[in-house]
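Trainee: I've got a model open on my screen and would like a close look at one part of it. Could you walk me through the sheet and whatever packs against it?

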Amino acid sequence: MSESIAGYLKSLVGPITGLTFVDGVYSGSVSDGSIGSPFTTIQAALDAIGDASTEAEQLQGWKVIISAGFYDEDLVIPQRRNFVLDCAPGVILADAFPPTT
């Protein structure tokens with residue numbers, strides 16, 4: 001990839017400005033997405049990120065760090081957001097598991 005194309009693509013997505021954590025076995029009473037009080041579902045993390053309503057929000061980058069575990073969720077992806085799901089080894093993402101026939 002040429003430097004001009006790489007620079008252009010980099011300019012479209014800002015640096016990672018938001019960080020949130022998910023741990024499906026966390027049992028604390030408060031879940032705020034921090035490393036000490038992670039969300040227990042991926043959807044809760046995505047809901048906290050929310051849809052972007054301004055151009056500045058669209059350029060923000062988010063990273064969702066997901067601890068190892070089984071996550072059976074139907075995810076609703078935030079609109080106009082840039083984010084990365086960073087899954088630890090051992091993360092299993094499923095939809096309606098076990099599958100129905």
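Mentor: Let's take the sheet, then the core beside it, and finish with two loop residues.

A word of caution to begin with: this is a predicted model. The protein chain has three helices and five strands, and from the N terminus on they come in the order α-β-α-α-β-β-β-β.

Now find the sheet. Three of the strands form an open sheet in the order β1-β2-β4, and the pairing is parallel. With that order, β1 and β4 end up at the edges with a single partner strand each, so one side of each has no neighbour in the sheet. If you look along the sheet you can follow the twist: neighbouring strands are turned by 20° against each other on average, direction ignored. As for what holds such an arrangement together, strands of a sheet pair through backbone hydrogen bonds, either parallel or antiparallel.

Go through the pairs one by one. Strand β1, residues 16-22, runs parallel to β2 over six bridges. Two handy landmarks along that seam are Leu19, whose bridge partner in β2 is Lys63, and Val22, whose partner in β2 is Ile66. On to the other seam: β2 also pairs with β4, residues 82-87, again in the parallel sense and over six bridges. Lys63 turns up here too, standing opposite Val84 in β4. That makes Lys63 a good residue to click on if you want to step across the sheet, from Leu19 in β1 to Val84 in β4.

Next, bring in the helix. α2 lies across β1, β2 and β4, and it runs at about 165° to β2. The nonpolar core comes into view here. The largest one has eleven residues: Val22, Phe39, Ile42, Ala45, Leu46, Ile49, Trp62, Val64, Ile66, Tyr71 and Val91. Two elements, α2 (42-49) and β2 (61-66), give two or more residues to it, and the largest share, four residues, comes from α2. In a regular strand, by the way, side chains alternate between the two faces of the sheet.

Val22 is worth zooming in on, since you've already met it as the partner of Ile66. Leaving out residues up to four places away in sequence, Val22 touches Pro38, Phe39, Thr40, Thr41, Ile42, Ala45, Val64, Ile65, Ile66, Ser67 and Tyr71. Among the core members are Phe39, Ile42, Ala45, Val64, Ile66 and Tyr71, so keep that list handy while you rotate the view.

Now the loops. Ser37 lies in the one between β1 and α2. Its relative accessibility is 16%, so Ser37 counts as buried. Leaving out sequence neighbours up to four places away, Ser37 touches Tyr26, Val30, Ser31 and Asp32. Arg80 sits in the loop between β3 (69-72) and β4. Arg80 has a phi near 60°, a positive value in a residue other than glycine, and with a relative accessible area of 46% it is partly exposed.

Last, zoom back out to the whole protein chain. Buried residues make up 25% of its 101 residues. Among contacts with a separation of 6 or more, 47% join residues 24 or more positions apart. The chain exposes about 6,600 Å², and carbon and sulfur atoms supply 59% of that.

Conventions. Residues are numbered from 1 along each chain as its sequence is written. This is a predicted model: local features need pLDDT of at least 70, side-chain atom pairs count only at pLDDT 80 or more; totals for chains, interfaces and linings use all residues. Side-chain values use heavy atoms; hydrogens and water are left out. A nonpolar core is a set of buried Ala, Val, Leu, Ile, Met, Phe, Trp, Tyr and Cys residues joined through side-chain atoms within 4.5 Å. Buried means under 20% relative accessible area, exposed over 50%, partly exposed in between (1.4 Å probe, protein chains only). Contact means heavy atoms within 4.5 Å. Two strands pair if DSSP finds at least two bridges between them. Axes are lines fitted to C-alpha atoms, for helices over the stretch in contact, and angles run from 0 to 180 degrees between N-to-C directions. Accessible areas come from the Shrake-Rupley method with a 1.4 Å probe; for residues, only the protein chains shown count as cover.
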